[in-house]
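Trainee: Could we go through this structure together, with you explaining how each label is earned?

Mentor: Gladly; let's put it up and begin.

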Amino acid sequence: MKRTLMSLAAASVMFAGHAAALKPGDAAAGKDKAQACMACHGPEVNNPTFPKIAGQHADYLYQALRAYKNGDRQNAVMSGQAAGLSQQDMADLATYFSTLDSGLESISRN
Ligand code: HEC
């Protein structure tokens, strides 16, 4: 029992340490970093080849960027885009895009 409690305590310390390593996404920082993305993902771009990421959930976008970077998701364009991004860059970018209006027709608020 004592052993279990000690490993639980150790695990929670490790978890806390891990969580602290990544600061929450900063939309203002993300805006600066997003210059390179706007030609394809700007909210005004209506090209079905480029997914609309404006207004999408930050967690979803962060997850997608991480998958491109670690190779779980492969795409000639996006793998290259994500390669140079840090975890913080991805969090900032994801947060920034989530604050933008998608411009999509709403099916939930009409
Ligand atoms: C030259 C055009 C281009 C640029 C520049 C670009 N992207 Fe993309 N992006 C794409 C394409 C094409 C896809 C779809 C790839 C696929 O099918 O996996 C995509 C997919 C994504 C996705 C996944 C969307 C989803 O719904 O699954 C995210 C997130 C994303 N891009 C973020 C970014 C960010 C952040 C930047 C800037 C650092 C960026 N992209 C720059 C073309 C681009």
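Trainee: How many helices and strands are in the chain?

Mentor: This is a predicted model, and its chain has 6 helices and 0 strands. Along the sequence, that reads as the pattern α-α-α-α-α-α.

Trainee: What share of the chain is buried?

Mentor: Of the 110 residues in the chain, 27% are buried. The label needs a relative accessible area under 20%.

Trainee: Let's test that on helix H6. Why is Asp92 called buried?

Mentor: Asp92 lies in helix H6, and its relative accessible area is 3%. The cut-off is under 20%, so Asp92 is buried. A polar atom of the Asp92 side chain also lies 2.8 Å from the backbone nitrogen of Asp26.

Trainee: What makes that pair a polar contact?

Mentor: The distance limit is 3.5 Å, and the Asp92 side chain and the Asp26 backbone nitrogen are at 2.8 Å. The pair is therefore within the limit.

Trainee: And why does Leu93 count as buried?

Mentor: Leu93, also in helix H6, has a relative accessible area of 4%. That is under 20%, so the label buried applies to Leu93. Leu93 and Ala58 are 35 residues apart in sequence, while their C-alpha atoms are 8.5 Å apart in space.

Trainee: How do you know that Thr95 is buried?

Mentor: Thr95 lies in helix H6 as well. Its relative accessibility is 19%, and the line is drawn at under 20%, so Thr95 counts as buried. Its C-alpha atom is 9.5 Å from that of Gly55, a residue 40 positions away along the chain.

Trainee: Where is Ser102, and why is Ser102 called buried?

Mentor: Ser102 is in the segment after H6. At 17% relative accessibility, under the 20% cut-off, Ser102 counts as buried. The Ser102 side chain reaches the backbone nitrogen of Leu104 at 3.0 Å, which is within the 3.5 Å limit for a polar contact.

Trainee: Now to the ligand. Which residues come nearest to the ligand?

Mentor: There are 19 residues around the ligand, and Cys37, Cys40, His41, Tyr68 and Met78 come nearest.

Trainee: Is Cys37 buried or exposed?

Mentor: Buried: Cys37 has 15% relative accessibility, and buried means under 20%. Cys37 is found in the loop between helix H2 (27-33) and H3. The C-alpha atoms of Cys37 and Leu93 are separated by 9.4 Å, with their positions 56 residues apart along the chain.

Trainee: And what makes Met78 buried?

Mentor: Met78, in helix H5, comes out at 16% relative accessibility. Since that is under 20%, Met78 counts as buried. From C-alpha to C-alpha, Met78 is 8.2 Å from Leu65, and the two are 13 residues apart in sequence.

Trainee: Which polar side chains reach atoms of the ligand?

Mentor: Take His41, Tyr60 and Tyr68. An N or O atom in the His41 side chain is 2.7 Å from a nitrogen atom of the ligand. A polar side-chain atom of Tyr60 lies 2.9 Å from a ligand oxygen atom. For Tyr68, an N or O atom of the side chain is 2.6 Å from an oxygen atom of the ligand. The limit for a polar contact is 3.5 Å, so the His41 pair at 2.7 Å, the Tyr60 pair at 2.9 Å and the Tyr68 pair at 2.6 Å fall within it.

Trainee: Which space does the ligand take?

Mentor: The ligand takes the space of the largest pocket. Helix H3 (38-41), helix H4 (58-70) and helix H5 (76-83) are the elements giving two or more residues to the shell around the ligand. H4 gives the largest share of that shell, 5 residues. By class, the shell has 14 nonpolar, 4 polar and 1 charged residues.

Trainee: How much space lies in the largest pocket, and which residues are closest to its centre?

Mentor: About 600 Å³ lies in the largest pocket. Its lining has 26 residues, of which His41, Ile53, Leu65, Tyr68 and Met78 are closest to the centre. H3, H4, H5 and helix H6 (87-99) each supply at least two lining residues, and the largest share, 5 residues, comes from H4. The lining divides into 18 nonpolar, 5 polar and 3 charged residues.

Key. Residues are numbered from 1 along each chain as its sequence is written. This is a predicted model: local features need pLDDT of at least 70, side-chain atom pairs count only at pLDDT 80 or more; totals for chains, interfaces and linings use all residues. Side-chain values use heavy atoms; hydrogens and water are left out. A residue is near a molecule or strand if one of its heavy atoms lies within 4 Å of it. A polar contact is a pair of N or O atoms within 3.5 Å; within protein, one must be able to donate a hydrogen and the other to accept it, and residues adjacent in sequence count only if both atoms are side-chain atoms. On a 1 Å grid over the protein atoms alone, a cavity is a set of points where a 1.4 Å probe fits but cannot get out, and a pocket is an open set with protein on both sides within 12 Å along at least five of seven lines; lining residues have an atom within 4 Å of a point. A molecule sits in a cavity or pocket if more than half of its atoms lie within 2 Å of its grid points. Helices (H or I, at least four residues) and strands (E, at least two) are DSSP runs, numbered from the N terminus. Ala, Val, Leu, Ile, Met, Phe, Trp, Tyr, Cys and Pro count as nonpolar, Asp, Glu, Lys and Arg as charged, and the others, Gly among them, as polar. Grid points are joined across faces, edges and corners, and a volume is the space filled by probe spheres set on the points. Buried means under 20% relative accessible area, exposed over 50%, partly exposed in between (1.4 Å probe, protein chains only).
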